[in-house]
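Colleague: I'm new to this one, so could you walk me through a few spots?

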Amino acid sequence: MIKASENNEYYELTSPTSMPKASGFLWNDNMMIQVNCRGYAVAQFMQPEPAKYSHAPNLEAKTFMQPEQPYYAHHPGRFIYMKDEENGEIFSAPYEPVRVLPEKYTFAVGKHNIKWYIEQDGIQVEMTITLPKDGVMELWRVKVKNISNRKRTFSMYPAFTVGYMSWMNQSGEYNEKLQAIVCSSITPYQKYQDYDKIKNFRDKTYLLAEETPFSWEVNQEAFEGEGGIHSPSALQQEALGKGDSRYEMPICALQYKLDLNEEEEKEYRFIFGPAHNENEIETIKQQFFMDKNETGFDGFTEAEQEYEKYVAAGRGCLEIHTPDAGLDNMVNHWLPRQMYYHGITNRLSTDPQTRNYLQDNMGMSYIKPQVARDAFLHALSQQKRNGSMPDGIILHKDAELKYINQVPHTDHCVWLPICLSAYLDETNDYSILDEVVPFDGGTETATVYQHINLAMDWLIHDRDERGLNYINQGDWCDPMNMVGYKGKGVSGWLTTASAYAFMIWADICEKNGELKNSQKYKEEADKANDVINTYLWDGEWYARGITDDNVVFGISKDKEGRIFLNSQGWALLSGAADESQKAKLLKAVEEQLESPYGVEMLAPAYTKMREDVGRVTQKHPGSAENGAVYNHAAVFYIYALYTAGEKENAYRLLRKMIPGPGLDDVLQRGQLPVFIPNYYRGAYRQIPRTAGRSSHLFNTGTVSWVYRCLVDGLFGVRGDKDGLRIEPQLPDSWNEASVKREFRGSQVEIELKREAGVTETEVYCDGVLLHDGILRDIEKDALYKIEVKLPFNN
């Protein structure tokens, strides 16, 4: 039912009903589309803020992907209706809206395209969607083949939804010159000053066809008639009605008549997307559909090839071969792809949250370090003179802070040294610390080194009399918005994270020769750790924080939210937990937070509002931050486990982030292993029926940290100022593995194998023992072959 293709380029699902929300996504710098196995789609593009060209059938709020995205009969989709002209029977591809279960079905999610293969009643339909490298449009190929043993006559109807475009002005018609259905609208606005913003919007939606259709319909009500979307009345007629839409909801429905002999095949190509005007559509037609037979140029195919190269440019720095084929596939193919999407598009936002922007670009350190470098400099250019960082980073001159970025959070400074350290490990580019960057407003400047000193000092001073960091209306956990809104509540996690940030920054300062500053921040880390243990240790684990009313929460006496994962993992990272505390908190996490689908963010999940904690407690138990296997928090913990040498615990939990390998696990999650989602449902002990269900959200800070766990932890191929430090932490069940590592312009091939008589890890380069496990004096374009001998475990 679910398998990787032979070349690992695709993951294939052979049922449209077993995992109805299974999906894949494609993107470029200006748009993104997520399509599921049944043909439903969620898409948006930037102009400069996110906008849609395929809408729901009712006015919708400014939202995009939702956790566990609900789908419904009239959800935006891309469908092909097929009608046998001999008997009038119809089915639809990929599956919706007719819902005739095909005789054969494959949904294949690839890295640069997504395909469906459907066979029904002697007809084979193949649908393929990809995107161009540049431009906002969907490129579709539809192949129809007669696989019966006789000549067949049928009609094919591409039906792409447009939906409720605008209450102010919407219409649609077929344009014969363009060979396209063009639907028009006007974005509503109230203030006359906004007219200049909206007048150049791409408010048209078009379906452009390479082949002239037999007929068409643009009026959705006329298309559906009394049969509805599942059995449109228009399909009962010989030809579609050639209707238009005049302040009515439009649809892009075309009709093609096919007479195919046995084994004969016909291919059609379409472009679907937004446009500003018909001249733009005409330009697109000329670029993609001009006569290739006369010119030898095929813009459509060239765009497909360019897009394949665009996605391939996001290749990671690791290629692994291990006893776990599912892990290999994720790491070699899908994880860097997802990480690249985050770093190259900034989640298609003009004001990404600062923590997201920094962590996403931490991941780019392993793919395109220059992109990461530029991002760190850009973020620091928006730092306040007092050292604080904004809640969001403005990426476009017309952008402004919106939504959650208008709510004050206090964690953004901690990510600066933590994320920068990965870049420095990977590149050894300490010159970035000397770059001169302005502050917000641009009137004053300072070096990156000075900027981050100010950020660390801001964390030191934004504390209460005990030395605990204020939380305001949230830290890393956005919806923890009522712990400190009165100005007194504090975050235990942020205090711990600050200690870890001080440690990281102290190490960077030391390597950069700033020994006095290094000592200062080491002392600050020690002070913070002392404060953590004084006020937040609850005897078996660490508390999450203290409210405005001086109530400690996330402790054993709480009936709900007794234990929070982040407080435990970051205490391992910061060094706050001694050996005794480490053993206790590990036991508490295993007993109270671990589930078959990963480690949960908190437990027990809240079942009612707790007004001194905030809206996190209003979320459904086991969803999102309220007790889900929230993978971002889980991967912090896993990274901490690797840092603490807990390799077995670390790998066990890391592997649970990927659906499978068992079929039952994949079906329960309902997601193909082509991305790591924001969360899997938790509250396993409270609501086991839904536990493990995927959110299907692929926007997540998780992926950069998973890659860092692989580099720094599992395979132990971490960069160092001296070279490449090789310290693998393979699970005991692996007797061998291999890694190809791209590092500072060189190629390093590493073979890892357990051998009898070996008592501790031994690292050899060309047969020479590296006593400290560090490969030094690395030359660009060189190839290094490394042999790592590991002991067998008793």
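Modeller: Sure, here are some questions and answers about a domain, a helix pair and a residue.

Modeller: This is a predicted model, where local features need pLDDT of at least 70, side-chain atom pairs count only at pLDDT 80 or more, and totals for chains, interfaces and linings use all residues. Residues are numbered from 1 along each chain as its sequence is written, and side-chain values use heavy atoms, with hydrogens and water left out.

Colleague: Which feature does UniProt place at residues 319-716?

Modeller: Over that stretch the chain is 45% helix and 7% strand, with helices (H or I, at least four residues) and strands (E, at least two) taken as DSSP runs. The unreviewed UniProt entry names residues 319-716 "domain: Glycosyl hydrolase 94 catalytic".

Colleague: How do α3 and α5 sit, roughly parallel or roughly perpendicular?

Modeller: Helix α3 (residues 278-289) and helix α5 (residues 299-312) pack at about 85 degrees, their axes 6 Å apart. Axes are lines fitted to C-alpha atoms over the stretch in contact, and angles between N-to-C directions run from 0 to 180 degrees. Since 65 to 115 degrees counts as roughly perpendicular, α3 is, relative to α5, roughly perpendicular.

Colleague: Is isoleucine 555 buried or exposed?

Modeller: Isoleucine 555 lies in the loop between β26 (552-553) and β27 (563-564). Leaving out residues up to four places away in sequence, isoleucine 555 touches Asp538, Trp541, Ala543, Gly561 and Arg562, where contact means heavy atoms within 4.5 Å. The cut-off for buried is under 20% relative accessible area, with a 1.4 Å probe and protein chains only. At 9%, isoleucine 555 is buried.

Key:
UniProt positions renumbered as here; feature names shortened; annotations may be inferred. Parallel < 35°, antiparallel > 145°, perpendicular 65-115°, else oblique. Buried < 20%, exposed > 50% of the residue type's maximum accessible area, 1.4 Å probe, protein only.
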